[in-house]
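The following exercises concern a single protein chain. Each consists of a task and a worked solution.

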Amino acid sequence: MAMAAPSVLTPLPVTSVLFACTYNMIRSPMAAAMMRHYHGARVYVDSVGVREGDEVDPFAVAVMEEVGIDISRHRCRTFEDLEDTNFDLIVSLSPEAQHRAIEMTRTMACDVEFWNTFDPTLIDGTRDAMLEAYRQVRDGLLAKVKQRFPLSRGPTV
């Protein structure tokens, strides 16, 4: 008697993740830094943008420092700057990055996920209002990273 195949496939473990956004100045560096913070050497993590950015956004640096993660030394890069494109997963954080990730993976065995993430530079206002927008982006990304890549608690008996 043959056994029935399971109805839901268990995803393969992710060992390498690329986070991508528009300029690699805010969202993707934040997400990559969180992933490194929580998963260290277990998962290879990188981040890029579709377009060339200048430098990491100072508001992004400030709100990440609030949670004990330093991104001040981040250098903005684009998809074209990648030396290695062998990732298990690309997480795109902007519509433009999603299109670029789909284009890049047409001939690759790589999953792409779209986490549509608000661009906090669209907020005009006081410094406090802008910082609050960046905090909301940070907190949203943190929740998604923890949900998608749960912290392992070791073996269960």
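How many helices and strands does the protein chain have? The protein chain has four helices and four strands, where helices (H or I, at least four residues) and strands (E, at least two) are DSSP runs, numbered from the N terminus. Along the sequence they follow the pattern β-α-β-α-β-α-β-α.

The model is predicted: local features require pLDDT of at least 70 and side-chain atom pairs pLDDT 80 or more, while totals for chains, interfaces and linings use all residues. Residues are numbered from 1 along each chain as its sequence is written, and side-chain values use heavy atoms, with hydrogens and water left out.

**Exercise 1. Determine the surroundings of strand E1 (residues 16–21).**

Step 1. Apply the burial classes: buried means under 20% relative accessible area, exposed over 50%, and partly exposed in between (1.4 Å probe, protein chains only). Over the protein chain, buried residues account for 44% of the 157 residues.

Step 2. Examine the strand. Six of the six residues of E1 are buried, so the strand is largely enclosed by the rest of the structure.

Step 3. Separate the two sides. In a regular strand the side chains alternate between the two faces of the sheet. Here Ser16, Leu18 and Ala20 point one way, Val17, Phe19 and Cys21 point the other way, and all are buried.

Step 4. Identify the pairing (two strands pair if DSSP finds at least two bridges between them). E1 and E2 run parallel and are joined by six bridges; alanine 20 stands opposite valine 48 in E2.

**Exercise 2. Characterise the backbone of asparagine 24, in the loop between E1 and helix H1 (27–39).**

Step 1. Recall the background: most residues other than glycine have a negative phi.

Step 2. Compare. Asparagine 24 has a positive phi of about 60 degrees, although it is not a glycine.

Step 3. Assign the burial class. At 0% relative accessibility, asparagine 24 counts as buried.

**Exercise 3. Trace the salt bridges that involve helix H3 (residues 95–104).**

Step 1. Adopt the criterion: a side-chain nitrogen of Lys or Arg within 4 Å of a carboxyl oxygen of Asp or Glu. By this rule the count comes to 10 salt bridges.

Step 2. Take arginine 51 and glutamate 96, whose closest N and O atoms are 2.7 Å apart. Arginine 51 lies in the loop between E2 and H2 and glutamate 96 in H3, so the pair ties together parts that are 45 residues apart in sequence. Arginine 51 is partly exposed at 37%, as is glutamate 96 at 28%.

Step 3. Take glutamate 80 and arginine 100, with closest N and O atoms 3.4 Å apart. This pair links distant parts of the chain, 20 residues apart: glutamate 80 is in the loop between H2 and strand E3 (89–92), and arginine 100 is in H3. Glutamate 80 is exposed, at 55% relative accessibility.

Step 4. Follow arginine 100 to glutamate 103, with which it forms a salt bridge at 3.9 Å between the closest N and O atoms. Both residues lie in H3, three residues apart, about one turn of the helix.

Step 5. Consider shared partners elsewhere. Salt bridges join Glu66, Glu132, Arg135, Arg138 and Asp139 into one network.

**Exercise 4. Locate aspartate 54 and assign its exposure class.**

Step 1. Aspartate 54 lies in the loop between strand E2 (44–49) and helix H2 (58–65).

Step 2. With a relative accessible area of 73%, aspartate 54 is exposed.
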